[in-house]
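Hi,

Here is the model I promised to pass on. Have a look at it first, and then read on for what turned up.

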Amino acid sequence: MGLQGQLGEIRGLKAELVAISTDAPANVRQTVGQLNLDFPVLSDPEKNTFRLYEVLDPHDGRVLPAALVIDAQGIVRFREVTPTSVERTSPQTILDALQRL
């Protein structure tokens, strides 16, 4: 079960799930609709957010799969970057990080 299936628990912890994509806004809207996602997916084709949170491969500039937990003051409290999209951070790991806030 992905993070979509954990939304109730995430929101129960007074948190919000947000995804960021390098796709164009129209493509993001299409994906959100196709997958019936109930959380915001933002478009950042310029990779500014990824650069800010240092989740770009330094060698080729590609976006690395990452999960961040950012508190209400904007402080990153948890950060995990994985080498490939196959090895993404588990939903339970993210829930554990939220529970530690």
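Let me start at Ala24, which sits in the loop between strand 1 and helix 2. With a relative accessible area of 35%, Ala24 is partly exposed. Its C-alpha lies 9.4 Å from that of Leu42, and the two residues are 18 apart in sequence. Please keep in mind throughout that this is a predicted model.

Leu42 turns up again on the surface, where Val18, Ile20 and Leu42 make a nonpolar patch. Together these three have about 230 Å² of accessible area. Ile20 belongs to strand 1, residues 19-21. Its relative accessibility is 34%, so Ile20 falls in the partly exposed class, the range between 20% and 50%.

Now to the inside. The largest nonpolar core has 13 residues. Those with the most contacts inside this core are Ile10, Leu17, Phe39, Val69, Phe78, Ile94 and Leu98. Helix 1 (7-12), strand 3 (66-70) and helix 4 (91-99) are the elements that supply two or more residues each. The biggest share comes from helix 4, with 4 residues.

Val69 is a good place to click if you want to see how this part is put together. Neighbours within four places in sequence aside, Val69 is in contact with Ile75, Val76, Arg77, Phe78, Ile94, Ala97, Leu98 and Leu101.

Helix 4 itself has a clear inner side. Pro91, Ile94, Leu95, Ala97 and Leu98 are the buried residues there. They span an arc of only 160° around the axis, so they lie on the same side of helix 4. The general background is familiar: an α-helix has 3.6 residues a turn, so residues three or four places apart point the same way. And what lies over the buried residues of helix 4? The cover includes helix 1, strand 3 and strand 4 (76-81).

While you are at this end of the chain, look at Thr84 too. Thr84 is in the loop between strand 4 and helix 4, and is partly exposed at a relative accessible area of 33%. Thr84 and Leu95 are 11 residues apart along the chain, and their C-alpha atoms are separated by 21 Å.

On to the charges. How many salt bridges are there? The count comes to 4. One of them joins the side chains of Arg77 and Asp71, at 2.7 Å from N to O. Asp71 has a relative accessible area of 11%, which is under 20%, so Asp71 counts as buried. Arg77 is also among the contacts of Val69 mentioned above.

Arg62 has two acidic partners to look at. With Asp57, the side chains meet in a salt bridge at 3.7 Å, N to O. With Asp60, the closest N and O atoms are 3.5 Å apart. The surroundings of this group run through every accessibility class: Asp57 is buried at 14% relative accessibility, Arg62 is partly exposed at 37%, and Asp60 is exposed with a relative accessible area of 53%. Through shared partners, the salt bridges join Asp57, Asp60 and Arg62 into one network.

Last, two backbone details to check in your viewer. Asn36 has a positive phi of about 55°, although it is not a glycine. Asn36 is in the loop between helix 2 (25-35) and strand 2 (41-43), and its relative accessible area of 56% makes it exposed. Lys47 is another residue other than glycine with a positive phi, near 65°. You will find Lys47 in the loop between strand 2 and helix 3 (48-52), where it counts as partly exposed at 25% relative accessibility.

If you have only a few minutes, I would begin with helix 4, which gives the most to the core, and then go to the network of Asp57, Asp60 and Arg62.

Cheers

Note on methods. Residues are numbered from 1 along each chain as its sequence is written. This is a predicted model: local features need pLDDT of at least 70, side-chain atom pairs count only at pLDDT 80 or more; totals for chains, interfaces and linings use all residues. Side-chain values use heavy atoms; hydrogens and water are left out. A nonpolar core is a set of buried Ala, Val, Leu, Ile, Met, Phe, Trp, Tyr and Cys residues joined through side-chain atoms within 4.5 Å. Buried means under 20% relative accessible area, exposed over 50%, partly exposed in between (1.4 Å probe, protein chains only). Contact means heavy atoms within 4.5 Å. Patches are made of residues with over 30% relative accessible area and no salt bridge: like charges are joined within 9 Å, nonpolar side chains (Val, Leu, Ile, Met, Phe, Trp, Tyr) within 5 Å. Accessible areas come from the Shrake-Rupley method with a 1.4 Å probe; for residues, only the protein chains shown count as cover. The arc is that of the directions from the helix axis to the C-beta atoms.
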